[in-house]
Structures are given as structure tokens and as C-alpha cells.
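The following exercises are to be worked through with the sequence and the coordinates at hand. Each task is followed by a solution that goes step by step.

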Amino acid sequence: GIDIGKLRGESGLITLDPGFKNTGSTTSAITYLDGEKGILRYRGYSIEELAEKSTFLEVSYLLIYGQLPTLAQLTDFQNQIKVHTLVHEDIKKILEGFPSNSHPMGVLSSLVTSLTAFYPESLDPNRSADKVNLSIIRILAKMPTFAAWAYKNEVGHPVNYPDNSLNYCSNFLKMMFALPAAPYEVDPVIANALDKLLILHADHEQNCSTSTVRVVGSSQASLYASISAGINALWGPLHGGANSAVINMLENIKKDGGDTKKWMAKAKDKDDPFRLMGFGHRVYKNFDPRARIIKKAADDVLDKLGVNDPILDIAKGLEEVALNDDYFVERKLYPNVDFYSGIIYRALGIPVDMFTVMFALGRLPGWIAQWKEMRENHEPIGRPRQIYVGENLRSYVDMKNR
Ligand code: ACO
């Protein structure tokens, strides 16, 4: 019980809303989301239309600058990104300092933070819009390089340098998978599927990692420091880490004989901390529109690649049981984007530890757009209040008397 008197601080009434379930932190013109109706739009364009017709870099431009680019603007944007894909050679030394089994999310956030050292001008909160823009281009260009290198470090392979004759996703795939001793051709089916996945993850208004980016940026910390904080916030299993947790869970169900009802019972048991990974969402209380698009894409990609994944059958079985189960129906728990994204990533040959890194690659333009909006709106420093429930004033007790 909270003493209502304590909600009155010296500067007026304080609202208490743990998890900010009903508290808006900002106004925003970037992403529109209606959780009841299952609507998601970037800058007014529906996610369904963007996933079908656009590309990830075009969507990035849209999110960051507010409008769809003309052909000349898009070409210029893509070319600028290509110019900056290479990273300073000393960053390789930082990478080499990590043990080879380091989780790629930790490596990714560290390499992003390291950009503050290579581009110290990014620390100046009063730098010109052109210079801010250069930081934006740099991080968009270098993230795939960092992501692929974090993976190479994990598996103990030599890193690949960017190939700027390729598009954004193909370049990333080549840096991830090419080995010195073997030729590597990017499969366009895989590159296109990845592009679509990144579009679906590109923004999602004030989620945990995006709010983190805005709050960190509100102290006038640099774009790189703010994005690095966002990557760490995304890492947790209740947020971006859920996509790897889903695959681990499906593997366990498979090993256990595929009894989906048994696992469902476990998820409903309040004495068991287990939750059905990939189900439920803070905002979507009807369906997650991204999950719908991804579910279809998973079928298409597996079909085109000729992959027959028993995990997908378990996923479909689980979904069917959940959609007809009172516990899940009453609590409005439906599959979220992470439920199917892991299955596609697996079919594309991406290892489980890298799933959340893939999410970070996709969410990057959203984080940038939200950071930029927050700065352009001159938002005040993020600093929530609290309700103190600790001890009243006490006298210090000498050590000998404790
Ligand atoms: N399995 C079983 N029960 C669940 C699940 C689940 N996946 N999700 C929610 N519940 C139950 C809770 O136990 C609670 O039950 P109660 O009312 O009887 O106590 C009720 O549903 C409401 O759950 P909350 O945790 O209060 O909902 P909240 O909005 O805080 O959490 C969240 C949303 C974190 C996504 C939650 O549904 C969850 O943990 N899901 C599994 C992890 C996951 O898939 N995360 C990815 C989110 S999407 C993304 O980041 C892209």
C-alpha cells in the first residue's frame, strides 16, 4: 500500500506508474501505433505497405528525415553510407581484446561507444546540423561492419572488410559469412528477406531501448553513447533478447518430445517463472501486425530456400494452442514479432546469439530518428520522480554499538 500523502512531493502531486504503463514521456511525429487495432505506421505510411514496397535504407531515410526520399536523395544517402562503412583499424585492436566467446551484443555496444573516441567532435552538443548528420551517416554505415565483426570474434574467424559494390544487407551478409578460403555469393532471397525483417524492426515508438536512447540523449550525451545504451537495453530477454529466447524455448520443447500443451501449462503456472517467449506485448492487445507479416515471410523464405524446419511446426502448434486457451485469450497474449523472426533468422543461417544483434541493426534508424527528434524539440533532461518508502530520519550508530 502506498500512502497517498507520500504522492505529494514538495513541488506538487507526483504520479506513480511503474513501468510507465500509462505515462507518455514525449510527443512524437515518427511512429503511430494503435495496440487495440494492430496498426503500425512510420511517418504515416503503413508497415504493410513499406514492408512490401520499400527498402531498409529508404525506410531509414523516411524515419530520420520525415519524408520518403526522391531518387536523387536516396542515391546520395546510399552513397554517403557506402563511403563510411570502413572502420578505423584501431577498432580492430579493441575487438581483438575481447575473449573469442564474448556475446556479440556486448561487443557491439562497446564498439559503438568507442566511436566517441575516434570522432570526439560528436561529443559537442552544440555542433552544427551538418556535423550531427555526419554522425548519423557514420553509425548507419558502420553498424553492419561492427555486427559482422562481433560475430567473427565470437567464432574466432578473421574479419571481412566491407564490400561497397553491394547493397546494405548483401554487404552485411558477405562480411558475416565469407571465409578466406572459400568463394561466397550472397543469395538474393536471403538478402531480400533480411531487408524486410529490418524494415519491420525499424521503429516502435517509446519501447524500452528507444526510451533509453532518448533519456540518455536528453543529458546531451553523444549520439554514439545514446545508441550504445539503447543496444544494452535491447539485450534483455523481455525486449530484443526474446527472439533468441524463442528459439531456445522451441528447441527445448522439441527435445522434450514436442508436447506443446505441457509447456503451455508451465507458462500458466504462477509458481513457475517460465513465460512463453514471443507471446504478449505491452502495447499490442489484439495482434502484432509485424508478426502477421513475418509469419507469412517465414513461410515464403523457408519455401524458397527449401528448408523444412520442425521448429516451425512446433511454433505453429504452440500458437494454435495459445489462441484457444482461456489464460492467453483473457490476458490478450498473442505472438509478437519475435515469435517468428527467430525462425527466419535460423533459416537464413544466422546463429541464435546474433538474433538480437539483427534486431539492433533494424532498430538503429528508429533510435537515430527518436534521438534527433528529442534534440530538435529541445526536450528537458529525463528525470523521473519517486515515492520514498524507506526509513525516516535516524541517528548514526557508532560501530561499537551496532
Ligand atoms: N507467458 C505467460 N504469461 C504471460 C506472458 C507470457 N509470455 N506474458 C504475459 N503474461 C501474463 C503475466 O504473468 C500477467 O499475468 P497476471 O495478470 O495473471 O499476473 C499478465 O500476462 C500481464 O503480463 P505483464 O507482465 O503485466 O505484461 P507487460 O505488459 O508488463 O509485459 C511482456 C509485456 C514483457 C512482453 C510480456 O508479455 C512477456 O514477458 N512476454 C515474453 C517475452 C517476450 O516475448 N518479449 C518480447 C516483447 S516484444 C519486443 O520486444 C519486440
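**Exercise 1. Which residues of the largest nonpolar core touch the most other members, and which helix gives the most to this core?**

Solution. In this predicted model, the largest nonpolar core holds 108 residues, and those that touch the most other members are Leu-108, Ala-147, Ile-294, Ile-344 and Val-357. The next step is to ask about helices: α17, covering residues 355–376, gives the most to this core, with 12 residues. Finally, take Ile-294 as an example: once its neighbours within four places in sequence are left aside, Ile-294 is in contact with Leu-200, Val-337, Tyr-340, Ser-341 and Ile-344.

**Exercise 2. Locate the residues that UniProt lists for "active site", and explain why they gather at one spot.**

Solution. The unreviewed UniProt entry lists His-281 and Asp-338 under "active site". They span 58 residues in sequence, but no two of their C-alpha atoms are more than 10.4 Å apart, and therefore they gather at one spot. As for their places, His-281 is in the loop between α12 (260–268) and α13 (289–305), whereas Asp-338 is in helix α16, residues 337–347.

**Exercise 3. Decide whether His-281 and Asp-338 are buried or exposed, and list what each of them touches.**

Solution. The cut-off needed here is that a residue is buried if 20 or more other C-beta atoms lie within 10 Å of its own. His-281 has 22 C-beta neighbours inside 10 Å and so counts as buried; Asp-338, with 29 such neighbours, therefore counts as buried as well. Not counting residues up to four places away in sequence, His-281 touches Asp-288 and Asn-336. With that same exclusion, Asp-338 touches Ala-242, Asn-243, Val-246 and Gly-278.

**Exercise 4. How many residues surround the ligand, and how do they divide into nonpolar, polar and charged?**

Solution. The ligand is surrounded by 19 residues, of which the closest are Ala-242, Arg-275, Leu-276, Gly-280 and Arg-282. Sorting the residues of this shell gives eight nonpolar, seven polar and four charged. Ala-242 has already appeared among the residues that Asp-338 touches.

**Exercise 5. In what order do the three strands of the open sheet lie, and which of them are the edge strands?**

Solution. The order is β3-β4-β5, with antiparallel pairing. The edge strands are β3 (31–34) and β5 (45–46), since each pairs on one side only. Strand β4, residues 39–42, is joined to β5 by two bridges, and Tyr-42 stands opposite Tyr-45 in β5.

How values were computed: Residues are numbered from 1 along each chain as its sequence is written. This is a predicted model: local features need pLDDT of at least 70, side-chain atom pairs count only at pLDDT 80 or more; totals for chains, interfaces and linings use all residues. UniProt positions are given in the numbering used here, feature names are shortened, and annotations may be inferred rather than shown by experiment. Helices (H or I, at least four residues) and strands (E, at least two) are DSSP runs, numbered from the N terminus. A residue is buried if 20 or more other C-beta atoms lie within 10 Å of its own, exposed if 12 or fewer, and partly exposed in between; C-beta atoms are placed from the backbone. Two residues are in contact if their C-beta atoms, placed from the backbone, lie within 7 Å. A nonpolar core is a set of buried Ala, Val, Leu, Ile, Met, Phe, Trp, Tyr and Cys residues joined through C-beta atoms within 7 Å. A residue is near a molecule or strand if its C-beta atom, placed from the backbone, lies within 6 Å of it. Ala, Val, Leu, Ile, Met, Phe, Trp, Tyr, Cys and Pro count as nonpolar, Asp, Glu, Lys and Arg as charged, and the others, Gly among them, as polar. Two strands pair if DSSP finds at least two bridges between them.
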